[in-house]
Amino acid sequence: MKNELTTPQLTPAVQTLVETIRNEIEAGKERAYLAMEQEKRLTYWNVGKHIKEHLLQNPLSKNQGREEYGAYVIAQLAQELDLARNLLYESVKCYEEYPRIVHSNEQLTWSHIRILLSVPEKQARQEFEEKIVSEKLSVAEFKKLVKSTKKKYNKPKIPTLKVER
């Protein structure tokens, strides 16, 4: 006869403890995820700020227009930093569209913002922002919402950097 380990039935007090600890762990994971997303949001906003300021402060080559110089800078940064060009363009657009990112709603994570940046109409983007906050939409839920309403707008091509003085 083998000596089998049996798990004793949990008492109600231990079951309550298990649930409390399980909830605490899940809440901690959620807080960690949101903290990471907030740091990403601020980091990429700052990346966009640095790029935009560089483009405004540096003289253009005589043989290049502003748009070409912006594309050149993005291409060089993407290669040197091993980042996707789209990410760098989105960072600049984030800086331009959300000039006060530090003060914006914390429920708008970097992942939400990346999706929002694909919405060309400012009014539609603001309505989506309000919906994210009021309904506490996850990124997956928000993606589904945008996809279902995509017929109302066209997704823009990869943006070009236009630098105005």
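The buried residues of helix H2 pack against H1 and H3. In this predicted model, those buried residues are Tyr69, Gly70, Val73, Ile74, Ala75 and Ala78. For the 16 residues of H2, a rise of 1.5 Å a residue predicts a span of 22 Å. The end C-alpha atoms of H2 are 22 Å apart, which agrees.

The overall fold comes next. The protein chain has six helices and zero strands. Along the sequence, the pattern reads α-α-α-α-α-α. The chain holds 165 residues, of which 30% count as buried. Contacts between residues at least 6 apart in sequence were also examined; 65% of them join residues at least 24 apart.

Helix H1 covers residues 12-57. At 1.5 Å a residue, its 46 residues should span 68 Å. The end C-alpha atoms of H1 lie 67 Å apart, in agreement with that figure. The buried residues in H1 are Glu37, Gln38, Arg41, Tyr44, Trp45, Gly48, Ile51, Lys52 and Leu55. An α-helix has 3.6 residues a turn, so residues three or four places apart point the same way. The buried residues of H1 pack against H2 (66-81), H3 (85-97) and H4 (110-116).

Two packed helices are described by the angle between their axes and the distance between the axes. The axes of H1 and H2 come within 11 Å and cross at roughly 135 degrees. H1 is therefore oblique to H2. The crossing of this pair is right-handed. From H1, the residues Ile51, His54 and Leu55 take part. They meet Tyr69, Gly70, Val73, Ile74 and Leu77 of H2.

H1 also packs on H3. The two axes are 7 Å apart, at an angle of about 90 degrees. H1 is thus roughly perpendicular to H3. On the H1 side, the contacts involve Tyr44, Trp45, Val47, Gly48, Lys49, Ile51, Lys52 and Glu53. On the H3 side, they involve Leu87, Leu88, Ser91, Val92, Cys94, Tyr95 and Glu96.

H2 and H3 form a further pair. Their axes come within 9 Å and cross at roughly 125 degrees. That angle makes H2 oblique to H3. The crossing of H2 and H3 is right-handed. In H2, the residues involved are Ala71, Ile74, Ala75, Leu77 and Ala78. Their partners in H3 are Arg85, Leu88 and Tyr89.

In soluble globular proteins, nonpolar side chains tend to be buried together. Here, the largest nonpolar core has 20 residues. Those with the most contacts inside this core are Cys94, Tyr98, Ile113, Leu116, Phe128 and Phe142. The elements giving two or more residues to the core are H1, H3, H4, H5 (122-135) and H6 (139-148). A second, separate core has nine residues, including Ile51, Val73, Ala78 and Tyr89. Of these, Ile51 is among the H1 residues that meet H2. Ile51 is also among the H1 residues that meet H3.

Two loop residues stand out by their backbone. Most residues other than glycine have a negative phi. Asp82 is not a glycine, yet it has a positive phi of about 55 degrees. Asp82 comes just after H2, in the loop between H2 and H3. Its relative accessible area is 71%, which means that Asp82 is exposed. Lys136 is not a glycine either, and has a positive phi of about 50 degrees. Lys136 lies in the loop between H5 and H6. With 63% relative accessibility, Lys136 counts as exposed.

Lys131 links this loop to its surroundings through contacts. Lys131 belongs to helix H5. At 32% relative accessibility, Lys131 counts as partly exposed. Leaving aside neighbours within four places in sequence, Lys131 is in contact with Lys136, Leu137 and Leu145. Lys131 and Leu145 are 14 residues apart in sequence. Their C-alpha atoms are 9.8 Å apart in space.

Terms used:
Residues are numbered from 1 along each chain as its sequence is written. This is a predicted model: local features need pLDDT of at least 70, side-chain atom pairs count only at pLDDT 80 or more; totals for chains, interfaces and linings use all residues. Side-chain values use heavy atoms; hydrogens and water are left out. Helices (H or I, at least four residues) and strands (E, at least two) are DSSP runs, numbered from the N terminus. The expected span of a helix is 1.5 Å times one less than its number of residues. Buried means under 20% relative accessible area, exposed over 50%, partly exposed in between (1.4 Å probe, protein chains only). Contact means heavy atoms within 4.5 Å. A nonpolar core is a set of buried Ala, Val, Leu, Ile, Met, Phe, Trp, Tyr and Cys residues joined through side-chain atoms within 4.5 Å. Axes are lines fitted to C-alpha atoms, for helices over the stretch in contact, and angles run from 0 to 180 degrees between N-to-C directions. Angles under 35 degrees count as roughly parallel, over 145 as roughly antiparallel, 65 to 115 as roughly perpendicular and the rest as oblique. A crossing is left-handed if the near helix is turned anticlockwise from the far one by less than a right angle, and right-handed if clockwise.
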